[in-house]
Amino acid sequence: MIADVLAETTTRMSRAVDAAKEDFATVRTGRANPQMFQKVMVDYYGSPTPLAQLASLANPEARSLVITPYDKSALKAIEQAIRDMPNLGANPTNDGNIVRVTMPELTAERRKEYVKLVRTKGEDAKVHLRGIRRKAKDELDALKSEIGEDEIARGEKELDALTRQHVDLIDDALKRKETELLEV
């Protein structure tokens, strides 16, 4: 019973760490990266659609990205969605067939803003991990009538170790992203 709760918690925490890493990847560094555009939602015939489902993204140069829509009628909507995306700072242009996005050079001030943004995202991920831990602890407490308190205490210690391990993974990813952002 305890092993099942811990196994499910491990899976959920690992998914939360992966989601945090993907979220960190959406914050731009000094070069254009298709992952930065994963959260861009395009208003396609009245429904918000992820950009990756509407177009292919190619990275021909370090600071530029070429977006080729599968449906040419979505060009204006894609261009507008990129322009409206916060924290991107990109200025897209289209030539009737493709959307070309050139990323501006990052200033030191903008890099510091991105570091703050990444730290906020990291803290949100840690809060999510603590929520998963709290739910698992409640599940363990519900098992007290079936299993002895010593077993529950051992399970809680394992749960705390799991939580620490996953928080450390988020901290490591956060440090890597910070150094990547501050690198000139």
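## Exercises on helices and cores

In helix 1, the buried residues are Ile-2, Val-5, Leu-6, Thr-9, Met-13, Ala-16, Val-17, Ala-20, Asp-23, Phe-24 and Ala-25. Buried means under 20% relative accessible area, exposed means over 50%, and partly exposed lies in between (1.4 Å probe, protein chains only). Helices (H or I, at least four residues) and strands (E, at least two) are DSSP runs, numbered from the N terminus.

The model is predicted: local features need pLDDT of at least 70 and side-chain atom pairs count only at pLDDT 80 or more, while totals for chains, interfaces and linings use all residues. Residues are numbered from 1 along each chain as its sequence is written, and side-chain values use heavy atoms, with hydrogens and water left out.

**Exercise 1.** Describe the chain as a whole: its elements, its extent and its radius of gyration.

*Solution.* Step 1: count the elements; there are five helices and six strands. Step 2: read their order from the N terminus, which is α-β-β-α-β-β-α-β-β-α-α. Step 3: take the box along the principal axes, roughly 70 × 40 × 20 Å for the C-alpha atoms. Step 4: compare the radius of gyration, 21 Å, with the value near 16 Å for a compact globule of 184 residues. This radius is taken over C-alpha atoms, and the globule rule is 2.2 Å times the number of residues to the power 0.38. Step 5: note that buried residues make up 39% of the 184 residues.

**Exercise 2.** What do the buried residues of helix 1 pack against, and how far does helix 1 reach?

*Solution.* Step 1: helix 1 has 24 residues and reaches 35 Å from its first C-alpha to its last, close to the expected 34 Å. The expected span is 1.5 Å times one less than the number of residues. Step 2: the buried residues of helix 1 pack against helix 4 and helix 5. Step 3: turn to helix 4 (residues 108-142), which has 35 residues and spans 51 Å, close to the 51 Å expected. Step 4: its buried residues include Val-115, Val-118, Gly-122, Ala-125 and Leu-129. Step 5: helix 1 (2-25) and helix 5 (149-182) are among the elements that cover the buried residues of helix 4.

**Exercise 3.** Is His-166 buried or exposed, and which residues does His-166 contact?

*Solution.* Step 1: His-166 is placed in helix 5. Step 2: the relative accessible area of His-166 is 4%, so this residue is buried. Step 3: leaving aside neighbours within four places in sequence, His-166 is in contact (heavy atoms within 4.5 Å) with Thr-10, Met-13, Ser-14, Val-17 and Leu-129.

**Exercise 4.** Which elements each supply at least two residues of the largest nonpolar core?

*Solution.* Step 1: a nonpolar core is a set of buried Ala, Val, Leu, Ile, Met, Phe, Trp, Tyr and Cys residues joined through side-chain atoms within 4.5 Å. Step 2: the largest has 20 residues, and Phe-37, Leu-51, Ile-67, Ile-78, Ile-82, Val-101 and Met-103 have the most contacts inside it. Step 3: helix 2 (51-54), strand 4 (64-69), helix 3 (75-84) and strand 6 (99-102) each supply at least two residues of this core. Step 4: helix 3 gives the most, with four residues. Step 5: apart from this core lies another, of 19 residues, among them Ile-132, Ala-136, Leu-140 and Leu-143.
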